[in-house]
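I am opening a fresh notebook page for a structure that is new to me. My plan is to look up a few things, one at a time, and to write each one down.

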Amino acid sequence: MKKFYFKLNRQLFTVLLGLFCAAPMLAQTGKTVTGTVKELQVPLVGVMVKEEGTDNSTFTDANGQYSLTLQQDNAKLIFEQLDFPIREEEVLNRSVINVRFTKEEEEGIQLKDVVINAGYYNIKDKERTGSIARVTAKEIENQPVNSILDALQGRVPGLEITPTSGVAGGGYEVKIRGQNSIAAGNNPLFIVDGVPFDTNSMGDRSTSGVLFINSSINPLNYIDPQSIESIEVLKDADATAIYGSRGANGVLLITTKKGKATKTSISIDASTTVINATKLPKLLTTEQYLDIRKKAFVNDGVTKYPTTAYDINGTWDMTRYTDWQKLLIGNTAFNHNIRTSINGGNEQTNFMIGANIMKESSVFYGNYAYNKLSFFSTLNHKTANNKLKLQWTTNYGQDKNYLPTQDLTRIARTLVPNAPRLFNEDGSLNWENNTWTNPLAALNASYRNNTRNLNTNLNTSYQLIDNIVLRTNIGYNRSDLDDSQLNPHTIRNPSFGATSQQSNMTKNSGHHEGWLIEPQLDANFNLTASSKLSVLVGGTLNSQTTTKLVIMANGFTDNQLMNVLSAAKNVTIYKDTEEQYKYAALYGRVNYNLHEKYFVNLTGRRDGSSRFGPNHRFANFGAVGAAWLFSKESFLRDVSWLSFGKLRGSYGVTGNDQIGDYQYLNTYNISQNGYDGNILLTTARLYNPDFSWEKNKKLEFALETAFLKNRINLTLNYYQNRSSNQLVGYSLPTITGFTSIQANLNAVVENKGWEMDLQVNPIKSAKFNWSTSFNLTIPKNRVVAFDGLENTSYANMYVIGKSLNTKKMYHLQGINPTTGLYEFRDYNGDGKITAIEDKQQVVSLDPSFYGGFSNSVSYENFNIELFFQFVKKKGFNEFYSYAMPGTMSNQPFSVVNGNLQNYSSGANQAASIAYSNYNSSDAMITDTSFIRLKNVSLSYKLPLSKNQSNQYVIYAQGQNLWTWSKYKYGDPEQNTGYLPSLRRISIGFKANF
């Protein structure tokens, strides 16, 4: 009996001892954990320490130390710092957890543990089921650019960014995985610190149409690229469906820098940049030009030069030569930039404030300037019990741009080389006895724009109970653009006798205002020891109002009064509009995690848009995504060369409502040109209550792998997007009084392709590091179906099975040996060359592939980074949009030895018709592929302080430094007649103390 009693007590003692030891592991709520975070032996400042599954977080201080009070049992801490993969540490029964980050190979940390922003939620990279790419501050800060879009070129698979002009403040064309819509918008959704940002330009053709393509003035210019913390690009249905119709063309999430709990620190960055045009084409010299002119008149049978042929009849000096490109667009411009920021605070309240002042001159002839002022701030606060958290973010920017009223590039490339001198002896403009239009006269006119942008956001969260958090996102933005064009009478030849009565002013005022309210409820549940469930539900209320007023005034008593409308004799209102867009939605997400190996993600959204009629105002969108971390399977655990492996896929449907406001309604135009001066009211659009959403079905499969302790990381993606129910203008008989009605047609557009992202770290050590990356996109766009295409106005634009970005052109067969003129294929054999019947040659201008390649090498305090961008595509050659060789216009040098028809002065009508057809033929298409040294960055960290938080860096950076291409006529990426991208070389100094 005693023996049994002894055993029972021993078992009871064992149980009690086990419970005592396990208690700290099970009951951790309210427990405080402290520790130090270092890189090797150096304390790290600003490392975020977060309790997994909660919003409970803090940052390390100047000594690398932290303290965090836990909110739940079985806690796990996440340590995150931008320069390193994140670290996870289970608390268990520990009260002190010290962490050492290292870049050494033997550490073997999972690179896929980085936490990325997915919009309404954050997720570990290794656990995501959708396609999300990330560009960090480190990549952006190395580039001396004014726009964040410039900084993204070539760096993200599937993201295609093309600048429309090299003029300061110009716009960009942005596509994520191709063009989905025939006639509706193809712009991705931009989210700046949680607030949707309208990137549509408020410019107007009447003021800036000759200076910027489509009057495209990029509203995102107000954001200083150096203030960006990260940019996430959401591409597939799983990532974008939670944004519903707004995410049909992809989403770009822009997050600015935030404050950290650390001692107050000040950062200053000052730089100077030298700017010039990248690549100017070779044009004819005076001798070459006049030789062609003489041959042209001989070919035309003209023996006596016309009196207006001033360049060749002796009126102008036939030995004179001016390099108009060098004079008008070849100036050296300078950019002076200074940035400063202040960061500091404690665990409960911290802040960051930053500002940027920039002034940039122009490569154009004259004293033009682009001035920019931007400001950003963030304030974070949380209560002592970590239940209530507030984050207030504000971004404000103001741009002032002073430019000529037109891009001088076309003039510089077509003005004849022996044109007269610009100035008379007394300094006045030379009109050479009224025989030419002095190009500098146009510079008496001026264009100015003033852009102001405000974007602010208040994000609050409150922990209702364990693992359930209520969030609210409230945002507001406002954009204002005031631009004007002043055309004084002095732009004309004085001999015409013009006065200020002929002077005119055009003014455009655009205003955009929007607000957003998004309540959201997050819940996280541990269903079992090996399974987790996350649920998110929320709603969106969004309203946007855009107004525009365009006024033209003339008849001024004096040019000094041209900015005063009341001083004008005549004032005409071109546009006076106000558009309101309202949007409401409910959204949700359910994520299931089993064994941290199997993941399923369901997202859905019900959208309501004011852009559709009452019959189709609401629509449902959703997606499902799944992922399998096969590297965690037992049969692969002992495979040492495989560090990470994941298969994922997704399918879903998103919508598109980028069709403008009031398109489904009967609308009217009001003008001042009615009979006898009366106001005129005319019908503009027919009512269509069945006007509905485009539907974009997205499918994706991907393989993500890492090898040799994360030395090699490879991701392969296949995607297929099909956009149907296309929003287009359906042609109507002219008897109706309308040319078209806005409607949904049974047309399907497909984008599919492959993406690859490769990252390799050949050398990783304490002193020397070398990393390289390569990304490639192989896209394909085609029209799958278009019912009744032949009966629409798109019949001469699109072909079933071909890309949307195609041109139907004549096919050049050669040069007729008898006439010496171009000949084209007569497809219908009627003996005539006509556009409808004979433009049958289909040429695609889509890129065959594009991507980027980078190298980064660092040794102790030295760092060098190089980035190459490459594109394989076809485009227009040097003759496109040029006048016929032999006329009074300079030409590309290739006309000298080119296989061209006989030169003509324009007197031969047959030659003029042949050349016009030539300009619309496949002879205009050439290889415009290129490889560009997009960016080089050199930096050296001065060893002035042993304190890790104090840093002093000198650097040199270059942008668009070198381009290789078979295309010989300037920059292969430029639009004809517009300034190409500019080369930038910058030196600067950064200090953080």
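**Entry 1: ring pairs.** Before I look for clusters I need a rule: rings of Phe, Tyr and Trp, the last by its six-membered ring, pair if their centres lie within 6.5 Å. I also note at the start that this is a predicted model. With that rule in hand, I find Tyr-310, Trp-316, Trp-324 and Trp-436 linked by ring pairs into a cluster.

How many aromatic pairs does the structure hold? My count from the lookup is 29. I picked the pair of Phe-768 and Tyr-859 to examine: the ring centres are 6.4 Å apart and the planes stand at 55°, so I log this pair as tilted, since that label covers what is neither under 30 degrees nor over 60. This pair links distant parts of the chain, with Phe-768 in strand β38 (residues 768–786) and Tyr-859 in strand β43 (residues 849–859), 91 residues apart. I checked how far each partner is covered, too. Phe-768 has 28% relative accessibility and counts as partly exposed. Tyr-859 has 43% and also counts as partly exposed.

Then I turned to Phe-876 and Tyr-880. Their ring centres are 3.8 Å apart and their planes are at 10°, so this pair is stacked. Tyr-880 is partly exposed, with a relative accessible area of 28%.

**Entry 2: charges over rings.** I looked for arginines placed over aromatic rings and wrote down two. Arg-155 has its charged end over the ring of Phe-867, 4.1 Å from the ring centre. Arg-932 has its charged end over the ring of Phe-930, and here the distance to the centre is 4.9 Å.

**Entry 3: the whole chain.** Next I stepped back to see the protein chain in full. I find ten helices and 49 strands in it. What radius of gyration would a compact globule with 993 residues have? The rule puts it near 30 Å, and the protein chain has 32 Å, which agrees. Along the principal axes, the C-alpha atoms fill a box of roughly 135 × 70 × 60 Å.

I also asked about cover and surface. Of the 993 residues, 52% count as buried. The chain exposes about 43500 Å², and carbon and sulfur atoms supply 56% of that area. For contacts with a separation of 6 or more, 70% come from residues 24 or more positions apart.

**Entry 4: a run of paired strands.** I followed strand β23 (residues 446–465) into strand β24 (residues 468–487). The two pair in the antiparallel sense over 19 bridges. They form a hairpin with two residues between them, and Asn-467 in the turn has a positive phi of about 70°. Which residue in β24 stands opposite Ile-465? I found Ile-468 there.

On the other side of my list, β24 pairs with strand β25 (residues 504–528), again in the antiparallel sense, over 20 bridges. Here I noted Asp-482 opposite Ser-509 in β25.

**Entry 5: another run of strands.** Strand β18 (residues 262–277) and strand β19 (residues 333–345) run antiparallel and are joined by twelve bridges. Thr-262 has Gly-345 in β19 as its bridge partner. From β19 I went on to strand β20 (residues 349–361), which pairs with β19 in the antiparallel sense over eleven bridges. These two form a hairpin with three residues between them. Asn-337 finds its bridge partner in β20 at Met-358.

**Entry 6: two residues up close.** Is Gln-325 buried or exposed? Its relative accessible area is 4%, so I log Gln-325 as buried. Gln-325 is in helix α7 (residues 324–329). Leaving out residues up to four places away in sequence, Gln-325 touches Leu-280, Pro-281, Leu-283, Gly-330, Ala-412 and Arg-413.

Ala-309 lies in the loop between α6 (286–299) and α7. At 4% relative accessibility, Ala-309 counts as buried. With residues up to four places away left out, Ala-309 touches Arg-293 and Phe-297. I then compared sequence with space: Ala-309 and Met-888 are 579 residues apart in sequence, yet their C-alpha atoms are 7.5 Å apart.

How values were computed: Residues are numbered from 1 along each chain as its sequence is written. This is a predicted model: local features need pLDDT of at least 70, side-chain atom pairs count only at pLDDT 80 or more; totals for chains, interfaces and linings use all residues. Side-chain values use heavy atoms; hydrogens and water are left out. Two strands pair if DSSP finds at least two bridges between them. Helices (H or I, at least four residues) and strands (E, at least two) are DSSP runs, numbered from the N terminus. Buried means under 20% relative accessible area, exposed over 50%, partly exposed in between (1.4 Å probe, protein chains only). A charge sits over a ring if NZ of Lys or CZ of Arg is within 6 Å of the ring centre and within 35 degrees of the ring normal. The radius of gyration is taken over C-alpha atoms; the globule rule is 2.2 Å times the number of residues to the power 0.38. Contact means heavy atoms within 4.5 Å. Accessible areas come from the Shrake-Rupley method with a 1.4 Å probe; for residues, only the protein chains shown count as cover.
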